Amino acid sequence: MSDMIKVSVIGASGRMGSTVCDAVEAATGLELVGRFDQGDDLGDLAGADVVVEFSVPDASPANVAHCVERGVHCVVGTTGWREERLARLRAQIEKAPEGTGVLIAPNFAIGAILMMSFAAQAARFYESVEVVELHHPRKVDAPSGTAARTADLIGAAREEAGLGPIPDATEHDPDGARGARVHGVPVHSVRLRGLVAHQEVLLGGEGEMLTIRHDSFDRASFMPGVIEGVRRVGEHPGVTVGLEHYLGL
Ligand SMILES: NC(=O)C1=CN([C@@H]2O[C@H](COP(=O)(O)OP(=O)(O)OC[C@H]3O[C@@H](n4cnc5c(N)ncnc54)[C@H](OP(=O)(O)O)[C@@H]3O)[C@@H](O)[C@H]2O)C=CC1
Ligand SMILES: O=C(O)C1=N[C@H](C(=O)O)C[C@H](O)C1
């Protein structure tokens with residue numbers, strides 16, 4: 001890489017993509033060289049060293065594959081990167097030019113990263129746990145990527161601690177009132193005008209409850225994490241899931 005890191009954004013006209021373009025233009029040492037959206041030919045990605053990808057879950061794997069094949073590092077915020085997609089990406093990156101790095105981050109806000117870490121830490125101490133995620137009504141996917149990741153971390157921590165299933169006597173739930181189950185953890189999705197991105201993790205034990213909550217009131221909350229990802233992705237070859245791995249958490 002030269003001194004200036006050349007950055008292209010995929011999904012550049014979207015809520016996140018447009019905010020990222022402004023953040024890259026304002027950041028020292030970064031140069032915005034390309035903006036791509038649906039239907040655009042990605043071609044040589046405008047000569048970018050690093051691509052930031054915020055599109056839609058169905059389009060993200062092909063966009064990232066295009067970058068990886070060309071040895072262009074990729075910082076991905078788009079949701080939908082469950083295990084099967086990650087496995088395919090790991091296979092693709094094996095064949096990519098050496099040193100190519102991809103960061104997939106379900107959430108770039110520092111508070112959300114800490115919330116997930118705290119929830120994983122607390123999980124083994126509580127019999128009951130549920131996740132409630134609340135977002136703006138234009139969000140196309142549910143549950144949120146953050147909620148799915150949180151539930152995965154909690155589920156893994158519970159397994160490691162030898163905890164059994166979460167107590168729940170529900171026998172009749174024809175309308176799915178008990179939410180989705182991710183890694184055995186109930187996840188509830190709220191879509192409400194006025195919200196941006198919010199999540200509560202509710203942990204219950206005998207006579208007590210711990211609530212861990214994070215609120216993103218503005219998409220500005222994601223930008224320091226995205227910019228850190230752009231600056232650091234070149235130092236992390238292969239696929240990394242979660243910005244916490246760049247932050248020493
Ligand atoms: N990791 C994180 O911290 C965060 C992640 N997100 C995630 O980022 C993603 C984007 O969110 P958001 O910006 O709100 O969504 P938007 O719908 O506002 O933006 C998505 C953009 O991607 C474009 N797009 C659609 N298909 C393609 C394609 N094939 N190639 C390139 N661009 C395409 C859309 O164009 P068009 O409108 O024409 O379809 C639109 O401009 C979501 O998955 C969301 O969950 C959001 C916030 C934070
Ligand atoms: O669509 C959004 O807005 C957000 N998407 C991500 C998710 O699904 O977790 C991150 C954040 O919650 C905002």
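User: Hi! Which strand holds D215?
Analyst: With DSSP E runs of at least two residues taken as strands, H or I runs of at least four as helices, and both numbered from the N terminus, D215 falls among residues 208-216, the run called β10. This is a predicted model, where local features need pLDDT of at least 70 and side-chain atom pairs count only at pLDDT 80 or more, while totals for chains, interfaces and linings use all residues; side-chain values use heavy atoms, leaving out hydrogens and water. Residues are numbered from 1 along each chain as its sequence is written, and chains are lettered from A and ligands numbered from 1 in the order in which they are written. So, to your question, the strand with D215 is β10.

User: Is D141 buried or exposed?
Analyst: D141 belongs to the loop between β6 (128-135) and α5 (145-161). Buried means under 20% relative accessible area, exposed over 50% and partly exposed in between, with a 1.4 Å probe and protein chains only. Because its relative accessibility is 16%, D141 counts as buried.

User: Which side chains make polar contacts with the side chain of D141?
Analyst: A polar contact is a pair of N or O atoms within 3.5 Å; within protein, one must be able to donate a hydrogen and the other to accept it, and residues adjacent in sequence count only if both atoms are side-chain atoms. One such contact, of 2.9 Å, reaches T79, and another, of 2.8 Å, reaches K139. The partners are therefore T79 and K139.

User: How much of ligand 2 does the protein cover?
Analyst: Good one! Oxygen atoms of ligand 2 lie 2.9 Å from a polar side-chain atom of H136, 2.8 Å from a polar backbone atom of G145 and 2.5 Å from a side-chain N or O atom of T146. Alone, ligand 2 has 320 Å² of accessible area (Shrake-Rupley method, 1.4 Å probe). The part that the protein covers is 84%.

User: And how much of ligand 1 does the protein bury?
Analyst: An oxygen atom of ligand 1 is 2.8 Å from a polar backbone atom of M16. A nitrogen atom of ligand 1 lies 2.8 Å from a backbone N or O atom of A105, and a polar side-chain atom of N63 is 3.4 Å from a nitrogen atom of ligand 1. Of the 930 Å² that ligand 1 exposes when taken alone, the protein buries 77%.
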